[in-house]
Amino acid sequence: MTEKFTFTLHATDGMARRGTVSMPRGDIRTPAFMPVGTAGTVKAMYPGQVRELGSDIILGNTYHLMLRPGAERVAKLGGLHVFANWPHPILTDSGGFQVMSLAQLRKLDENGVTFQSHIDGRRYELTPERSIEIQGLLDSDIQMQLDECVALPSSEAEIERAMRLSLRWAERSKAAFGEQPGKAVFGIVQGGDVPRLRIASAEALRDMDFKGYSIGGLAVGEPQHVMLEILSITTPVLPAEKPRYLMGVGTPDDILESVARGVDMFDCVMPTRAGRHGLAFTRFGKVNLKNARHAEDHRPLDEASDCPASRDYSRAYLHHLFKANETLAAMLLTWNNLAYYQQLMAGIRGAIDERRFEDFRLATKAGWARGDI
Ligand SMILES: CCCSCc1cc(N)cc2c(=O)[nH]c(N)nc12
């Protein structure tokens, strides 16, 4: 058990990296997928199930938790790990991204963002200092600086304004975080789809000596090739000895291609949200169980899977559950999808360990291309 936050790089295969992030609440095997537990729960899953599937860390959301039940209340109840019964590492976002996408009547200026809650209309202010304070009240292990993420496409001037504001907020976030040996605050690279701005942001954050680096401002509507081009420009500028977290990404293919460009950590609502809407991720691609073709299909979703969604039920039954809008539908497919994502990550880690990542990448994509039988 370590009292400090450290990152150890065990192996590389091309730009793909195999590492371990160690902190007092446990280790994170990288490349890692982090299930999103927005309001303190990975929807439709028990924490123990999430853990058994191979998740070393989950995400929580400052924006949602500050509005309900409130950061001070979570602190009074022992912090997010006790409150949500997840004794392992938790990463929290800083809230600014969610304010811009969810809150009403929001105003952003040099000091931070003010907004009205989408729940009850109350007014709040989120500054770099208050965001770090809230993440501390949640007892978050890996905290994010407050940043401003602009949607793409945007003008170069707008992207540069937001990137430079985010750099000033990075300084303030890091100062507010101070020295907390077993925890970390990450700087967030911004700069949209403009190479010179991405490089400037990454260089400036590198010089601020964060314990880890997030790559933000992507997975905001741009084509995959743009995201991958930006990654290829950005990761080489970041320190090799620090973890790199690509925010909000992504599909299994996004993850494979981003690992190949030097990314270590991922989060995305895709497996959990898609599962609740009937979309299954499998080794042979995506399967939409709401499709009528499954109505009388007695076969399992994937005969090679030991997940209850395949082990215990037919496609016809899963189809029925979704048509009937039954709660069990969301539970089973969320389980399947998280199981698939964590099996993919374990496969990626093993392939890098054995220096066969490129073969693994091509074979995995070929399996998806074969499609559903
Ligand atoms: C719980 C959700 C974590 S990731 C949210 C997210 C997702 C995406 N796509 C981009 C950003 C970003 O640029 N900044 C921040 N703070 N967050 C982002």
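Contact, as the word is used here, means heavy atoms within 4.5 Å. In this sense proline 181 touches Glu3, Lys4, Phe5 and Lys211, when residues up to four places away in sequence are not counted. The structure is a predicted model, in which local features need pLDDT of at least 70 and side-chain atom pairs count only at pLDDT 80 or more, whereas totals for chains, interfaces and linings use all residues. Residues are numbered from 1 along each chain as its sequence is written, and side-chain values use heavy atoms, with hydrogens and water left out.

Helices (H or I, at least four residues) and strands (E, at least two) are DSSP runs, numbered from the N terminus. Proline 181 lies in the loop between α7 and β11 (184–189). With a relative accessible area of 54%, proline 181 is classed as exposed, where buried means under 20% relative accessible area, exposed over 50%, and partly exposed in between (1.4 Å probe, protein chains only). A distance of 19 Å separates the C-alpha atoms of proline 181 and alanine 170, which are 11 residues apart along the chain.

Strands are said to pair if DSSP finds at least two bridges between them. An open sheet of 3 strands, with antiparallel pairing, follows the order β1-β2-β3. Because β1 (6–13) and β3 (26–30) stand at the edges with a single partner strand each, one side of each is left without a neighbour in the sheet. On average, and with direction ignored, neighbouring strands of this sheet are turned by 10° against each other, where axes are lines fitted to C-alpha atoms, for helices over the stretch in contact, and angles run from 0 to 180 degrees between N-to-C directions. The antiparallel pairing of β1 with strand β2 (residues 16–23) extends over 7 bridges, and leucine 9 has glycine 19 in β2 as its bridge partner. Helix α14 (residues 327–353) packs on the sheet and touches β1, β2 and β3, its direction making about 115° with that of β2.

A further antiparallel pair, joined over 4 bridges, consists of strand β8 (residues 112–116) and β9. These two strands form a hairpin with 6 residues between them, and in its turn glycine 121 has a positive phi of about 80°. Glutamine 116 stands opposite arginine 123 in β9. Strand β9 (residues 123–126) has Tyr124 and Leu126 on a covered face, while Arg123 and Glu125 lie on an uncovered one.

Side chains of opposite charge can pair when their charged atoms come close. A salt bridge is taken as a side-chain nitrogen of Lys or Arg within 4 Å of a carboxyl oxygen of Asp or Glu, and a search of the whole structure finds 30 of them. One of these joins glutamate 110 to arginine 168, with the closest N and O atoms 2.7 Å apart. Since glutamate 110 lies in the loop between β7 (104–109) and β8, and arginine 168 in helix α7 (residues 156–177), the pair ties together parts that are 58 residues apart in sequence. Glutamate 110 counts as partly exposed at 40% relative accessibility, and arginine 168 is likewise partly exposed, at 39%.

Helix α7 also takes part in a salt bridge between arginine 196 and glutamate 160 (2.9 Å, N to O). This pair links distant parts of the chain, with arginine 196 in helix α8 (residues 195–207) and glutamate 160 in helix α7, 36 residues apart. The relative accessible area is 44% for arginine 196, which is partly exposed, and 22% for glutamate 160, which is partly exposed as well.

Within helix α6 (residues 128–137), glutamate 133 and arginine 130 lie 3 residues apart, about one turn of the helix, and their side chains meet in a salt bridge (2.8 Å, N to O). Glutamate 133 is partly exposed at 43%, and arginine 130 is partly exposed at 23%. Elsewhere, a network of salt bridges links Asp253, Glu257, Arg261, Glu358, Arg361 and Lys365.

The surroundings of the ligand comprise 18 residues, of which Asp93, Asp147, Gln190, Gly217 and Leu218 come nearest; a residue is near a molecule if one of its heavy atoms lies within 4 Å of it. A polar side-chain atom of aspartate 147 lies 2.7 Å from a nitrogen atom of the ligand. A polar backbone atom of glycine 217 is 2.7 Å from an oxygen atom of the ligand, and a backbone N or O atom of leucine 218 is 2.7 Å from a nitrogen atom of the ligand.

Technical notes: A polar contact is a pair of N or O atoms within 3.5 Å; within protein, one must be able to donate a hydrogen and the other to accept it, and residues adjacent in sequence count only if both atoms are side-chain atoms.
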